[in-house]
Amino acid sequence: GDLGDVGLRAKWRFATRFSPGQADALAVLGGVVFPRNSVEGARKGGPVTMLGLATGRESRRWYYFAGVRGLARLSDGGFDPGDRLALNIAWGIRPRRTEYRAPDLVLLVEANGVAEGRTRLDDVEVATSGGRRLSVAPAFLFSIRNVMLKAGVDIPVWEDFNDPTRSADTKLIAAIEVHW
């Protein structure tokens, strides 16, 4: 099977406010994704750069998050994929409160929206490219000390693509984060 694209992302919390039992934070996100061509040989363009802003609240019981990211998809030999704007919100709960350094589980539900610009091929806009989609993603976070595993399934619930034959795929979400 195809493992999909490979990327690296960083988050810097530039503002954090602590109060008893909770923390509120603002962060800037940055990253790069290196697309892998599909088995059919379809072109995806060059690396994707990402810049975003996120805010969240984490308490002993509840978890809230919202973010916006812009993704610039670099051209590859006359093939210029459309840029993207991504929005997401998440709500989560810790089913069991644990001690600070103990293994911790958070169950989440996320809503994710993406708007894609049109692709250009040799400076000509491709009419059947671009569009919008909305998905829902049940997921979980499992952390031990400063290492966090995130996994879930991103399920499309609405789409409006400029290509009538295109449909959004259900995707597996998997990430490992290390916090310093």
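## A three-stranded sheet

Two strands are said to pair if DSSP finds at least two bridges between them. In this predicted model, an open sheet of 3 strands follows the order β5-β8-β9, and the pairing within it is antiparallel. The edges of this sheet are taken by β5 (79-80) and β9 (124-125), each of which has a single partner strand, so one side of each is left without a neighbour in the sheet.

The pairing of β5 with strand β8 (residues 120-121) is antiparallel and runs over 2 bridges. Within that pairing, Asp80 has Arg120 in β8 as its bridge partner.

## Salt bridges between strands

Side chains of opposite charge can pair when their charged atoms come close. In this model the count of salt bridges comes to 11, and among them is the one in which the side chains of Arg9 and Glu177 meet, with a distance of 3.9 Å from N to O. Because Arg9 lies in strand β1 (residues 6-19) and Glu177 in strand β12 (residues 171-178), this pair ties together parts that are 168 residues apart in sequence. Arg9 counts as exposed, at 53% relative accessibility, whereas Glu177, at 23% relative accessibility, counts as partly exposed.

Another salt bridge joins Arg84 to Glu116, and here the closest N and O atoms are 3.6 Å apart. Arg84 belongs to strand β6 (residues 84-93) and Glu116 to strand β7 (residues 104-116), so the pair ties together parts that are 32 residues apart in sequence. Arg84 counts as partly exposed at 27% relative accessibility, while Glu116 counts as buried at 15% relative accessibility, because buried means under 20% relative accessible area.

## A buried pair and a network

Arg94 and Asp104 also form a salt bridge, their closest N and O atoms being 2.8 Å apart. This pair links distant parts of the chain, with Arg94 in the loop between β6 and β7 and Asp104 in strand β7, 10 residues apart. Arg94 is buried, having a relative accessible area of 6%, and Asp104 is likewise buried, with a relative accessible area of 10%.

Elsewhere in the model, salt bridges link Arg17, Asp24 and Arg57 in a network.

## Surroundings of Val106

Strand β7, which holds Asp104, is also where Val106 is found. At 4% relative accessibility, Val106 counts as buried. When residues up to four places away in sequence are not counted, Val106 touches Tyr63, Gly92, Ile93, Arg94, Ala139, Phe140 and Leu141. One of these contacts is thus with Arg94, the residue that forms a salt bridge with Asp104.

Gly92, another of the residues that Val106 touches, is 14 residues from Val106 in sequence, and the two are 6.2 Å apart in space, C-alpha to C-alpha.

## Surroundings of Ser143

Ser143 is found in strand β10 (residues 131-144), and with a relative accessible area of 13% Ser143 is buried. Leaving aside neighbours within four places in sequence, Ser143 is in contact with Ala102, Pro103, Asp104 and Met148. Asp104 therefore appears in two settings, as a contact of Ser143 and as the salt-bridge partner of Arg94, and Asp104 is itself buried, because its relative accessible area of 10% falls in the range under 20%.

Note on methods
Residues are numbered from 1 along each chain as its sequence is written. This is a predicted model: local features need pLDDT of at least 70, side-chain atom pairs count only at pLDDT 80 or more; totals for chains, interfaces and linings use all residues. Side-chain values use heavy atoms; hydrogens and water are left out. A salt bridge is a side-chain nitrogen of Lys or Arg within 4 Å of a carboxyl oxygen of Asp or Glu. Helices (H or I, at least four residues) and strands (E, at least two) are DSSP runs, numbered from the N terminus. Buried means under 20% relative accessible area, exposed over 50%, partly exposed in between (1.4 Å probe, protein chains only). Contact means heavy atoms within 4.5 Å.
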